Amino acid sequence: MSRQPRLPWVMNDPLTNRGTAFTAAERDRLGLVGRLPDAVLTLDQQARRAYEQLRRQPDDLASYIHLEQLHDRNEVLYHRLLTDHLAELLPIVYDPTVGEAIKTYSHEYRRPRRVFLSIDRPQDLRRSFEELDLAPDEVDLVVVTDAEQILGIGDWGVHGIQISVGKLAVYTAAAGIDPARCLPVVLDVGTDNETLLNDPLYLGVRHSRARGERYDAFVAAYLDTVSTLYPDALLHFEDFGAGNARRFLEQYGERYRMFNDDMQGTGAITLAAVRSALDVTGVPFREQRVVVFGAGTAGVGIADQLREAMVRDGLEGAEATRRIWLVDRPGLLLDGMDGLRDYQRGYARPREEVENWRADGAGRDGVDLLTVVRNVRPTVLIGTSTVRGAFTRQIVREMAEHVERPVIFPLSNPTEKIEAMPADLLRWTGGKALTTAGIPVDPVEIDGVRHVIGQANNALVYPGLGLGVVVSRAERLTPGMLLAAADAVAGQVDGRTGGGPGAPLLPQVENLRASSAAVAVAVVRAAVGEGVARVVPDDVVQAVQDAMWQPEYGRTPSPPG
Ligand SMILES: NC(=O)C1=CN([C@@H]2O[C@H](COP(=O)(O)OP(=O)(O)OC[C@H]3O[C@@H](n4cnc5c(N)ncnc54)[C@H](O)[C@@H]3O)[C@@H](O)[C@H]2O)C=CC1
Ligand SMILES: CC(=O)C(=O)O
Ligand SMILES: [Mg+2]
């Protein structure tokens with residue numbers, strides 16, 4: 001006689017489990033008699049208990065682990081908690097704590113979440129999805145990383161699965177993307193992180209990072225497989241290394257419904273924040289001088305979006321490019337420099353430009369950021385370098401000498417990588433700086449004015465963008481849809497003239513659900529306008545509301561088969 005010692009399927013699957021909220025009738029029907037204590041709790045009561053347990057965790061990493069365990073037990077309850085305490089919990093399940101969690105993944109490992117693809121087992125790629133048993137129309141979103149540049153903390157191999165998980169948690173919490181219709185994926189292609197390779201508990205494939213043809217073929221096979229199996233899904237790329245991110249978007253962006261968050265999402269949120277800042281300064285885009293420190297995936301993605309904004313504001317392409325200066329490890333990027341990456345080349349400055357800067361410190365070893373700021377007199381300074389403290393007091397004061405309201409965005413994540421804390425930027429400029437940061441930071445009081453700092457993190461834009469794609473079933477993600485998303489984010493802010501001194505440049509995380517819905521509406525309209533929508537809702541606002549999944553127990557799950 002066969003025995004079934006395991007818990008019934010319904011409690012093992014976090015998408016169907018309700019724990020103590022199963023009613024007596026459900027317990028009877030689903031084989032749960034005697035499996036649960038007598039009381040039947042409401043979701044509210046469960047959420048209260050879960051929150052109390054969370055509050056007892058000693059630190060952020062412990063809170064992250066606690067929340068992930070809940071995520072693995074009961075998705076509705078997990079998302080209910082996240083939705084109820086969004087501003088408090090986003091920094092735990094996402095940036096910055098997710099960075100800590102990624103570093104310790106092999107040691108803190110409890111349960112796997114979804115799809116691990118090993119470059120050493122390419123024959124398993126298709127099967128790894130097929131055995132999930134999802135129909136072609138049952139997947140809205142697939143977030144994939146190869147973990148080469150996780151946030152600003154570098155190469156973390158298979159640990160990168162948690163950035164895919166974290167990004168998806170935000171999609172659901174912020175924009176109500178149904179968690180049952182999402183897949184987090186890691187392409188485990190090896191790692192160059194020697195700490196991991198030498199750790200006996202490391203869970204990924206134990207060799208250096210595959211590159212070249214083998215790697216490219218694996219990514220191509222991934223794209224072919226997911227787009228065939230799930231033809232409606234948005235294929236989100238996250239935290240690939242500099243170069244690969246852009247290369248894949250350029251190579252495949254026309255063929256697949258693809259989105260690179262670090263380039264396009266970051267570009268869009270930064271554009272929104274600059275737009276809000278310019279509402280305060282009153283100086284148009286075409287007159288900006290932009291210095292980007294850290295010319296990688298995010299930095300050049302931002303440069304591209306700001307350049308486009310200047311073109312829309314009346315400049316020729318070449319004129320707009322001339323208003324952007326990129327600074328990277330060798331200093332200001334100059335024509336003919338050794339090691340210039342192809343995506344940086346278009347922004348490299350003519351060497352003649354810096355000839356007269358020599359006296360200011362532009363030596364043979366390159367032109368450093370201070371010298372660039374002194375000579376360029378930027379109106380906007382962006383940090384995407386991963387270099388903590390790179391925006392020194394001297395550099396910031398120098399910038400503030402030449403411009404009334406310096407716009408300074410230190411965007412590197414997590415906290416240990418930020419170019420300057422907004423509180424310092426405000427102090428050093430007597431409250432004049434218009435600033436945001438990639439991480440959440442507390443308000444700062446300067447001379448009696450309370451400055452609320454918006455979070456310039458792509459999390460403020462990609463959830464709404466994704467929802468817009470889901471609702472419109474757009475064939476592609478177009479530049480017009482990205483621009484609409486940025487405009488919709490900026491439109492949530494009172495242009496500070498309305499908001500008053502110290503008001504944030506971006507919508508507050510507390511309002512993220514409303515803001516994401518507004519972004520989705522704008523994205524659907526843009527998709528329709530550009531002719532890429534496969535669904536054209538009569539009432540876009542209502543269609544977006546209707547599409548937002550709510551963390552509630554719906555119909556009783558029925559047994560499979
Ligand atoms: N706030 C947001 O929404 C986002 C923030 N980021 C942050 O931006 C940072 C960069 O990310 P990615 O662009 O993906 O990485 P990346 O590796 O593509 O780019 C980093 C760039 O900074 C340069 N760099 C490193 N050290 C430098 C130094 N000492 N001086 C000048 N340049 C230096 C590198 O050479 C590289 O070009 C990370 O901290 C990441 O968290 C990235 C995406 C979104
Ligand atoms: C926010 C984000 O995507 C990053 O830091 O990579
Ligand atoms: Mg990223």
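Helices and strands are taken here as DSSP runs, at least four residues long for helices (H or I) and at least two for strands (E), numbered from the N terminus. Counted this way, the protein has 25 helices and 14 strands. The model is a predicted one, and a look at its overall build makes a good starting point.

Along its principal axes, the C-alpha trace spans about 90 × 55 × 50 Å. A compact globule of 561 residues would have a radius of gyration near 24 Å, and the protein agrees with this at 24 Å. Buried residues make up 50% of the 561 residues. Of the contacts with a separation of 6 or more, 72% are accounted for by residues 24 or more positions apart.

Attention turns next to an annotated site. In the unreviewed UniProt entry, the annotation "binding site" covers Glu238, Asp239 and Asp262. These residues span 25 residues in sequence, yet no two of their C-alpha atoms are more than 6.7 Å apart, so they gather at one spot.

Asp239 sits in the loop that runs between β4 (234-238) and α13 (244-252). With 28 other C-beta atoms within 10 Å, against a threshold of 20 or more, Asp239 counts as buried. Setting aside residues up to four places away in sequence, Asp239 touches Thr145, Ala147, Gln149, Ile150, Leu151, Gly160, Ile163 and Asp262.

Asp262, in turn, belongs to helix α14 (residues 261-281). This residue is buried as well, having 24 other C-beta atoms within 10 Å. Beyond its neighbours within four places in sequence, Asp262 is in contact with Glu238 and Asp239, and also with Ala245, Thr297, Ala298 and Gly301.

Two of the annotated residues, Asp239 and Asp262, reappear in the surroundings of ligand 2. The shell around this ligand also includes Asp95, Leu151, Asp261, Asn413, Gly438, Asn457 and Asn458. By character, the shell divides into four charged residues, four polar ones and one nonpolar. Leu151, part of this shell, is also among the residues that Asp239 touches.

A further element worth a visit is helix α19 (residues 369-376), whose buried residues are Leu369, Thr371, Val372, Val373 and Val376. The cover over these buried residues includes the strands β6 (290-293), β7 (324-328) and β8 (331-332), together with helix α20 (393-402). Just after α19, Arg377 adopts a positive phi of about 55°.

Notes: Residues are numbered from 1 along each chain as its sequence is written. Chains are lettered from A and ligands numbered from 1 in the order in which they are written. This is a predicted model: local features need pLDDT of at least 70, side-chain atom pairs count only at pLDDT 80 or more; totals for chains, interfaces and linings use all residues. A residue is near a molecule or strand if its C-beta atom, placed from the backbone, lies within 6 Å of it. Ala, Val, Leu, Ile, Met, Phe, Trp, Tyr, Cys and Pro count as nonpolar, Asp, Glu, Lys and Arg as charged, and the others, Gly among them, as polar. A residue is buried if 20 or more other C-beta atoms lie within 10 Å of its own, exposed if 12 or fewer, and partly exposed in between; C-beta atoms are placed from the backbone. Two residues are in contact if their C-beta atoms, placed from the backbone, lie within 7 Å. UniProt positions are given in the numbering used here, feature names are shortened, and annotations may be inferred rather than shown by experiment. The radius of gyration is taken over C-alpha atoms; the globule rule is 2.2 Å times the number of residues to the power 0.38.
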